[in-house]
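Let's take a walk through this one, starting with charge and overall build and then zooming in on some ring pairs. Keep the viewer open as you read.

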Amino acid sequence: MNIRRVAFDHPDAIKLNDQVQAEYAVRYGDEGDVTPLDASMFAPPLGLYLMAYDVQGRPVATGGWRTQDENDEGYSDGDAELKRMYVIEEARGNGLARRILAALEDDARAAGRIRMVLETGNKQPEAIALYASSGYEPCVKFGHYRFHEDSCCFAKLL
């Protein structure tokens with residue numbers, strides 16, 4: 001696998017974002033994640049967006065982090081928020097999400113962020129298992145879905 005930095009609005013990133021949104025819509029019976037995002041949020045040094053490609057050059061996984069500091073959505077100073085972690089179904093089970101997660105944590109740490117936070121949903125048990133096994137612990141809810149009953153928030157000190 002080849003993991004490289006891309007812009008959040010890169011055509012391959014858009015393609016996989018559309019796929020993950022469709023998966024969210026099926027799991028939650030809604031329109032997907034409507035958290036406002038744009039490419040500038042993932043541009044270094046404020047964040048990073050990664051794309052993994054298989055040996056044939058096909059995009060198979062994504063993930064990014066963006067800077068968050070204390071605000072009225074419950075973030076704290078020094079937070080890095082994990083967004084759009086996704087592995088296409090055919091590539092799951094090969095440790096790819098774990099590799100992307102580690103690279104994002106390393107980059108956020110190098111950028112001076114002190115805590116990685118993420119929001120997922122209770123209908124994504126695979127994601128919850130990945131984060132729990134990677135040292136993330138439940139935390140006070142934050143972000144766009146902080147009042148939603150299906151929302152689960154996690155944090156890990158970097």
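For the charge count, Lys and Arg are taken as positive and Asp and Glu as negative, while His and the chain ends are left out. Keep in mind that what you're looking at is a predicted model. On that basis the chain carries 18 positive and 26 negative side chains. And how far apart do the centres of the two sets lie? The answer is 5 Å.

Now for the fold itself. Trace the chain from its N terminus and you'll meet the elements in the order β-α-β-β-β-α-β-α-β-β. That adds up to 3 helices and 7 strands. The globule rule gives 15 Å for 158 residues, and the chain's radius of gyration is 14 Å, close to that value, so the chain is as compact as a globular protein of that length. If you'd like a feel for the dimensions, the C-alpha trace spans about 45 × 35 × 30 Å along its principal axes.

What about inside versus outside? Of the 158 residues, 46% are buried. The chain exposes about 7,900 Å², and 53% of that comes from carbon and sulfur atoms. Contacts also reach along the sequence: among those with a separation of 6 or more, 63% are between residues 24 or more positions apart.

Time to zoom in on the aromatic rings. Counting ring centres within 6.5 Å as a pair, the tally is 5 aromatic pairs. One of them joins Phe8 and Tyr49, edge-to-face, with 5.1 Å from centre to centre and 80° between the planes. Where do these two sit in the chain? Phe8 is in the loop between β1 (2-5) and α1 (11-28), whereas Tyr49 belongs to strand β2 (residues 47-53), so their pairing ties together parts that are 41 residues apart in sequence.

Are these two rings buried or exposed? Phe8 has a relative accessible area of 12%, which makes it buried, and Tyr49 is buried too, at 0% relative accessibility. Another pair to look up is Tyr131 with Tyr136: the ring centres are 5.7 Å apart and the planes stand at 65°, so this pair is edge-to-face. Both of these tyrosines, Tyr131 and Tyr136, are buried.

Before you leave, go back to Phe8 and Tyr49 and add Phe42 to your selection. Together, Phe8, Phe42 and Tyr49 make up one aromatic cluster.

Key. Residues numbered from 1 in each chain as written. Predicted model: local features only at pLDDT ≥ 70, side-chain atom pairs only at ≥ 80, totals over all residues. Heavy atoms only, no water. Helix = DSSP H or I, 4+ residues; strand = E, 2+ residues; numbered from the N terminus. Rg over C-alpha atoms; globule rule 2.2 N^0.38 Å. Buried < 20%, exposed > 50% of the residue type's maximum accessible area, 1.4 Å probe, protein only. Contact = heavy atoms within 4.5 Å. Areas by Shrake-Rupley, 256 points an atom, 1.4 Å probe, with all protein chains shown as cover. Charge placed at Lys NZ, Arg CZ, Asp CG, Glu CD. Phe/Tyr/Trp six-rings, centres within 6.5 Å; stacked < 30°, edge-to-face > 60°.
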